[in-house]
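Here are my notes on the structure, set out as numbered points. Please read them with the coordinates open, beginning with the term on which several of the later points depend.

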Amino acid sequence: MDFLSKLENTIFEWFKSLPDLPAGGRKWLGDNIWWIALIGAILTALGVLGTLTALASLVSLFGTVAATYYATSSVTTWAIVTGVVGLVFSILELLLLAFAIKPLKEKQKKGWVLLFATWLLGGFAVIVNAILSLSIIGFIFGVLFGAIWVAISGYFLFEIHGQFAHVQRSAGVKKGVKVTK
């Protein structure tokens, strides 16, 4: 957790020099990020189901007449490998998003940290998927568009950074109470 905190502070310094969103926009985004994360979790779950379906159909090709040639079976095998790697990243992102929803709704720092971890995992997934494309053009476009996604989503993530404070919860309390030292 200490590593994640240091990384958060380092990246926060990078984004600090960028122009801020209007205060109303930052407040709206901070107040509503929990349902945006919920929609992201639902869409990720649908993507996981689609990937599982695609992997099942690829696996069903093994042993068929269409996959008897070496080239066809090796392409199918590589598609399964890349699909499984993408599936693992999607499941991890889904879990992080799902666990972030309640703390985000309560404006707890834990929710923001889980979103930050999801963002880091997504950036790592972009690099891994670009490498697994085994194509220089696929690598370039994967990294280019992935870097644009990471930059834009990181900007919005760090715009709401200050709205999530460390809070202490007690039973039956909907909103957290700030901890003062």
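1. A residue is called buried when its relative accessible area is under 20%, exposed when that area is over 50%, and partly exposed in between. The model is a predicted one, and the words for burial below are to be read with these cut-offs in mind.

2. K107 is a useful case on which to try the cut-offs, since its relative accessible area is 22% and buried means under 20%, so that K107 counts as partly exposed. The residue lies in the loop between helix 3 and helix 4, and its phi is near 60 degrees, a positive value in a residue other than glycine.

3. The loop between helix 3 and helix 4 also holds Q108. With a relative accessibility of 9%, Q108 counts as buried, because buried means under 20%. Its side chain is joined to the side chain of E106 by a polar contact of 3.0 Å.

4. A positive phi also appears at L134, where the angle is near 55 degrees in a residue other than glycine. L134 belongs to the loop between helix 4 and helix 5, and its relative accessible area of 62% is over the 50% cut-off, so L134 is exposed.

5. As for the overall fold, the protein chain has five helices and two strands, and from the N terminus on these elements follow the order α-α-α-α-α-β-β. Of the 181 residues in the protein chain, 31% count as buried. The accessible surface of the protein chain comes to about 11,300 Å², with 74% of it belonging to carbon and sulfur atoms. When contacts in the protein chain with a separation of 6 or more are considered, 72% of them are between residues 24 or more positions apart.

6. Helix 5 deserves a check of its length against its number of residues. At 1.5 Å a residue, its 24 residues should span 34 Å, and the end C-alpha atoms are 34 Å apart, so the expected span and the model agree. The buried residues in helix 5 are G146, G154, Y155, L157, F158 and E159, and what covers the buried residues of this helix includes helix 1 (2-16), helix 2 (23-59) and helix 4 (109-132).

7. Which residues does Y155 touch, leaving aside those up to four places away in sequence? Y155, which lies in helix 5 (residues 136-159), touches F15, L18, P19, D20 and L21 on that count. The side chain of Y155 reaches the backbone oxygen of P19 at 2.6 Å. Y155 and W14 are 141 residues apart in sequence, while their C-alpha atoms are 9.7 Å apart in space. Y155 counts as buried because its relative accessibility, 16%, falls under 20%.

8. H161 has its place in the loop between helix 5 and strand 1 (167-168). Its relative accessibility is 14%, and H161 therefore counts as buried, the limit being under 20%. A polar contact of 2.6 Å joins the side chain of H161 to that of E8. Not counting residues up to four places away in sequence, H161 touches E8, F12, K109 and W112.

9. I80, in helix 3, is a further residue to look at, with a relative accessibility of 15% that is under 20%, so that I80 counts as buried. The C-alpha atoms of I80 and V59 are 7.5 Å apart in space, although the two residues are 21 residues apart in sequence.

10. The last point concerns empty space. Rolling a probe the size of a water molecule over the atoms shows where such space is left. The largest pocket has a volume of about 470 Å³, and the elements that give two or more residues to its lining are helix 2, helix 3 (70-105), helix 4 and helix 5. Its lining is made up of 17 residues, and those nearest the centre of the pocket are I36, L97, L115, W149 and S153. Helix 2 contributes the largest share of the lining, namely six residues.

Definitions and conventions
Residues are numbered from 1 along each chain as its sequence is written. This is a predicted model: local features need pLDDT of at least 70, side-chain atom pairs count only at pLDDT 80 or more; totals for chains, interfaces and linings use all residues. Side-chain values use heavy atoms; hydrogens and water are left out. Helices (H or I, at least four residues) and strands (E, at least two) are DSSP runs, numbered from the N terminus. Buried means under 20% relative accessible area, exposed over 50%, partly exposed in between (1.4 Å probe, protein chains only). Contact means heavy atoms within 4.5 Å. Accessible areas come from the Shrake-Rupley method with a 1.4 Å probe; for residues, only the protein chains shown count as cover. A polar contact is a pair of N or O atoms within 3.5 Å; within protein, one must be able to donate a hydrogen and the other to accept it, and residues adjacent in sequence count only if both atoms are side-chain atoms. The expected span of a helix is 1.5 Å times one less than its number of residues. On a 1 Å grid over the protein atoms alone, a cavity is a set of points where a 1.4 Å probe fits but cannot get out, and a pocket is an open set with protein on both sides within 12 Å along at least five of seven lines; lining residues have an atom within 4 Å of a point. Grid points are joined across faces, edges and corners, and a volume is the space filled by probe spheres set on the points.
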